[in-house]
Amino acid sequence: MKPQQISRKQSRLSFPLVLAALLLTMLASSCELFQPAQADKFGYRTGDYTVYDAAELDTNNNPTARTYRVSRTVVRTGVTVGGQSDAVLLRDSTFTSGASPRLASVDTLYYRVANDEVFYYFDINAIGRIIRRIASSFGTTVDINALGVTGLEPKWIKIAELRDAAGMDFPTADFSASGMIPMFGSLSVGLKITGKNQGVVTQAVGSNSYRAHRQAQSYAISTSLPFIGTIRSSSNLETDYGIPAQQNTPRTIIRLQENTVVLPNIPVVGRVIAPGERRTISSFRAGTTF
């Protein structure tokens with residue numbers, strides 16, 4: 001057989017193969033083109049940076065003239081805490097208002113998101129914020145590191161269910177701890193925390209409207225102080241988790257409100273008010289790494 005004949009046969013055999021390969025490539029490309037886009041869900045990325053305009057609330061839970069700013073930074077993802085390896089380390093920095101703002105406090109928090117559910121690691125930092133809030137209602141400040149908090153058993157608690165339909169109550173979480181407050185002595189705190197998904201809401205922020213999954217939490221608080229006895233109170237927390245696939249909503253918490261707690265008249269001390277707080281998003285800068 002002559003060389004040129006071999007060449008012609010190879011050419012005739014190659015054409016169908018090339019055509020089939022082209023058809024397969026086009027089919028694969030069309031499948032990719034018509035695949036539905038993945039909805040961007042709420043979650044945390046390293047470097048996420050959210051700034052909130054915050055205000056103290058009065059007894060009717062309306063904002064007062066005492067305003068300040070809070071920045072929330074996602075410091076690191078993939079952290080191992082409390083037996084979970086997908087935790088997220090966040091830092092809340094609170095700044096005073098005015099022309100020369102100063103750093104007032106820094107809080108460390110741990111969250112995790114799994115299967116459209118959000119969990120919060122309730123640890124000494126969490127109890128410290130509560131004790132600090134109670135102490136501020138008495139006109140004093142507290143350093144959590146100097147309290148010598150004992151009795152607390154840290155654990156993860158469910159705080160959000162990011163689904164459109166309102167859901168059932170979350171599992172109840174119970175905590176207790178004690179510490180020393182200057183001028184008052186030993187302080188014991190007992191907590192019972194419950195929560196529930198409220199469904200989808202539209203939250204107005206300035207001229208923008210965002211879609212969010214709203215979550216409600218309730219804190220039943222039992223506080224025991226020397227010479228005063230046991231004080232029972234409750235606090236409600238409402239949090240709006242942005243739905244980034246809708247209305248260009250930022251992938252972060254849009255709004256957070258912790259209502260004011262008013263205690264009945266206490267012997268010697270009198271009426272005690274622990275002011276609430278409302279945070280509303282001012283800006284958001286997305287991080288890059290999950």
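Gly43, Tyr44, Asp48, Tyr49, Thr50, Arg72, Val74, Leu90, Arg251, Thr252 and Phe284 line the largest cavity. The model is a predicted one. The volume of this largest cavity is about 50 Å³. Across the whole structure, a search finds two cavities of 30 Å³ or more. Two strands each give at least two residues to the lining of the largest cavity: strand 1 (49-57) and strand 2 (63-81).

**The chain overall**

The protein chain holds two helices and 14 strands. Of its 290 residues, 42% are buried. Take the contacts between residues at least 6 apart in sequence: 57% of them join residues at least 24 apart. The accessible surface of the chain comes to about 16,000 Å². Carbon and sulfur atoms account for 53% of that surface.

**Salt bridges**

Side chains of opposite charge can pair when their charged atoms come close. The whole structure contains 17 salt bridges. Three of them are set out here.

| Salt bridge | Closest N and O atoms |
|---|---|
| Arg72 with Asp92 | 2.7 Å |
| Lys158 with Glu117 | 2.9 Å |
| Asp240 with Arg255 | 3.5 Å |

Arg72 also belongs to the lining of the largest cavity. Arg72 forms a salt bridge with Asp92. This pair links distant parts of the chain, with Arg72 in strand 2 and Asp92 in strand 3 (residues 84-96), 20 residues apart. Both Arg72 and Asp92 are buried. The pairing extends into a network of salt bridges that links Arg72, Asp92, Glu277 and Arg279.

Lys158 forms a salt bridge with Glu117. Lys158 lies in strand 6 (residues 155-161) and Glu117 in strand 5, so the pair ties together parts that are 41 residues apart in sequence. Why does Lys158 count as buried? Its relative accessible area is 19%, and buried means under 20%. Glu117 is buried for a like reason, because its relative accessible area is 19%.

Asp240 pairs with Arg255 in a salt bridge. Here too the pair links distant parts of the chain: Asp240 sits in strand 10 (residues 229-242) and Arg255 in strand 11 (residues 253-258), 15 residues apart. Asp240 and Arg255 are both buried.

**Strand 4 and the loop that follows**

Strand 4 covers residues 103-114. Val106 is found in this strand. Which residues form a nonpolar patch on the surface with Val106? They are Phe95 and Leu103. Together, the three residues of the patch have about 230 Å² of accessible area. Val106 counts as partly exposed because its relative accessibility is 41%, a value between the cut-offs of 20% and 50%.

A loop lies between strand 4 and strand 5 (117-122). Asn115 is in this loop, and so is Asp116. Asn115 has a positive phi of about 55 degrees, although it is not a glycine. Asp116 also has a positive phi, near 65 degrees, in a residue other than glycine.

Is Asn115 buried or exposed? Asn115 is exposed, because its relative accessible area is 68% and the cut-off for exposed is over 50%. Asp116 is partly exposed, with a relative accessible area of 26%. Strand 5, on the other side of this loop, holds Glu117, the salt-bridge partner of Lys158.

Notes. Residues numbered from 1 in each chain as written. Predicted model: local features only at pLDDT ≥ 70, side-chain atom pairs only at ≥ 80, totals over all residues. Heavy atoms only, no water. Patch = residues over 30% accessible without salt bridge, like charges linked within 9 Å, V, L, I, M, F, W, Y side chains within 5 Å. Areas by Shrake-Rupley, 256 points an atom, 1.4 Å probe, with all protein chains shown as cover. Salt bridge = Lys/Arg side-chain N within 4 Å of Asp/Glu carboxyl O. Helix = DSSP H or I, 4+ residues; strand = E, 2+ residues; numbered from the N terminus. Buried < 20%, exposed > 50% of the residue type's maximum accessible area, 1.4 Å probe, protein only. Contact = heavy atoms within 4.5 Å. 1 Å grid on protein atoms, 1.4 Å probe; cavity = no way out; pocket = protein on both sides within 12 Å on 5 of 7 lines; lining within 4 Å. Points joined across faces, edges and corners; volume = space filled by probe spheres on them.
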